[in-house]
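Trainee: Please choose one part of this model and take me through it closely. I would like one connected account, with each term explained when it comes up.

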Amino acid sequence: MTATLDWYGCATFALRTAGLTIFLDAYVDRSANAAGPDPRVTADEIDECDWIVVGHSHFDHLYGAERIARTTGARIIGSYETVRVMEQAGVPLEQMICVAGGETVALSDDVRVTVLPSQHSCVWSQTAMRQSGEVCLGDVGLTWQEQQARFQELVQHFATALPQESLHHLLTAQQGDRGDGGALVHLLDTPDGTLLYQDTSGHWSGIVSGLRPDVAILAAAGRGNVDGEPVQGSLATFVGREAELLQPARLVLCHHDDWLPGFSVATDLAPIRAELARRAPATELVELGYLDGTPILP
Ligand SMILES: [Zn+2]
């Protein structure tokens, strides 16, 4: 058997393996002028899904899960906050599994997912995403309150600087989350091999170190978070270091497209490729197009 991966843009994928369709995040809808599948697909059109595995509860990951769950009956695995938001959106509790990291959930007789605690990117540290080779230093040791004050600058920036389409989409997609809800990474164990899924650029070094999945999907957006502090270096430094820790055979990037124009950037892959060559030369970078059904495992 061969597992395939379809990228819906941002950090959302459909993984097909061992007779299952597993959505990794559920943000299928895109801002009207954003990069994404063409013709556009919305969450309302997804009619085949068994499980939705959610990394964190921000709208650009979770928005759409409520409709996919309703249409398909798929079960949602996510943080307690993800489940709270989905319950509020009308998804029955018995259709969801709350996780915090440490759980292994059987998705079928031969597919399992192990949930691991993780970190969200330092979204408070920038009002616009920087290019992948741009070095950012400092901002270390800030308190929660100081980070919140910085985050308010980003909120102000959104209100004044986002193009109308992006702002409209942002307001439409709000689901009343209380922050990221605690970021998680998911390690899927399938008959075709193992796949690690991360949907925001952050990690606990001790947790990801030495996992060696066959495939790692890693987020490449914003300022990386290493053990609770912003990376001292560039996004490319961050991704390269993660690949060095994880040592995956293959690497797929996510969150690196221009998903929210005015805030996001179309990420330059050249600095990331250079860091990967230096730090994880055995890892193959696999570039996915939108919805191209790339064979990914084994
Ligand atoms: Zn997020």
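Mentor: What follows is a close look at one sheet and its central region, and then at some other places in the chain.

This is a predicted model, in which local features need pLDDT of at least 70 and side-chain atom pairs count only at pLDDT 80 or more, while totals for chains, interfaces and linings use all residues. Residues are numbered from 1 along each chain as its sequence is written, and side-chain values use heavy atoms, with hydrogens and water left out.

Start with the sheet. It is open, has seven strands in the order S7-S8-S9-S10-S12-S15-S16, and its pairing is mixed. Strands (E, at least two residues) and helices (H or I, at least four) are DSSP runs, numbered from the N terminus. Two strands pair if DSSP finds at least two bridges between them. In general, the strands of a sheet pair through backbone hydrogen bonds, in a parallel or an antiparallel way. The edges are strand S7 (104-106) and strand S16 (284-286); each has a single partner strand, so one side of each has no neighbour in the sheet. On average, neighbouring strands of this sheet are turned by 20° against each other, direction ignored. For such angles, axes are lines fitted to C-alpha atoms, for helices over the stretch in contact, and values run from 0 to 180 degrees between N-to-C directions.

Helix H7 (residues 235-246) packs on the sheet and touches S10, strand S12 (215-219) and strand S15 (250-254). Contact here means heavy atoms within 4.5 Å. The direction of H7 makes about 155° with that of S12.

Now take strand S9 (184-190). Strand S8 (residues 112-117) runs antiparallel to S9, and six bridges join the two. One of the bridge pairs is Arg112 with Asp189 in S9. S9 is also joined to strand S10 (residues 193-197), again antiparallel, by five bridges. Among the pairs here, His186 stands opposite Tyr197, and Leu187 stands opposite Leu196. A hairpin of two residues connects S9 to S10. Six of the seven residues of S9 are buried, so S9 is largely enclosed by the rest of the structure. Buried means under 20% relative accessible area, exposed means over 50%, and partly exposed is in between (1.4 Å probe, protein chains only).

The loop between helix H5 (164-172) and S9 holds Gln175. Its relative accessibility is 15%, so Gln175 counts as buried. Not counting residues up to four places away in sequence, Gln175 touches several residues, including Leu62, Tyr63, Val85 and Met86. Glu66 is also one of those touched, and the side chains of Gln175 and Glu66 make a polar contact at 3.0 Å. A polar contact is a pair of N or O atoms within 3.5 Å; within protein, one must be able to donate a hydrogen and the other to accept it, and residues adjacent in sequence count only if both atoms are side-chain atoms. Tyr63 has a charge placed over its ring: Arg67 lies over the face, at 4.6 Å from the ring centre. The rule for this is NZ of Lys or CZ of Arg within 6 Å of the ring centre and within 35 degrees of the ring normal.

Rings also pair with each other. A search of the whole structure finds eight aromatic pairs. Rings of Phe, Tyr and Trp (its six-membered ring) pair if their centres lie within 6.5 Å; planes under 30 degrees apart are stacked, over 60 edge-to-face, and the rest tilted. Phe158 and Phe263 are an edge-to-face pair, 5.0 Å centre to centre with 80° between the planes. Phe158 lies in helix H4 (residues 144-161) and Phe263 in the loop between S15 and helix H8 (270-279), so the pair ties together parts 105 residues apart in sequence. Trp259 and Phe263 are also edge-to-face, at 6.2 Å and 90°. Phe158 is buried at 15%, Phe263 at 6% and Trp259 at 3%. Ring pairs link these residues with Tyr27 and Phe59 into a cluster.

Finally, a note on the backbone. Most residues other than glycine have a negative phi. Arg212, in the loop between helix H6 (205-208) and S12, has a positive phi of about 50° and is exposed at 53%.
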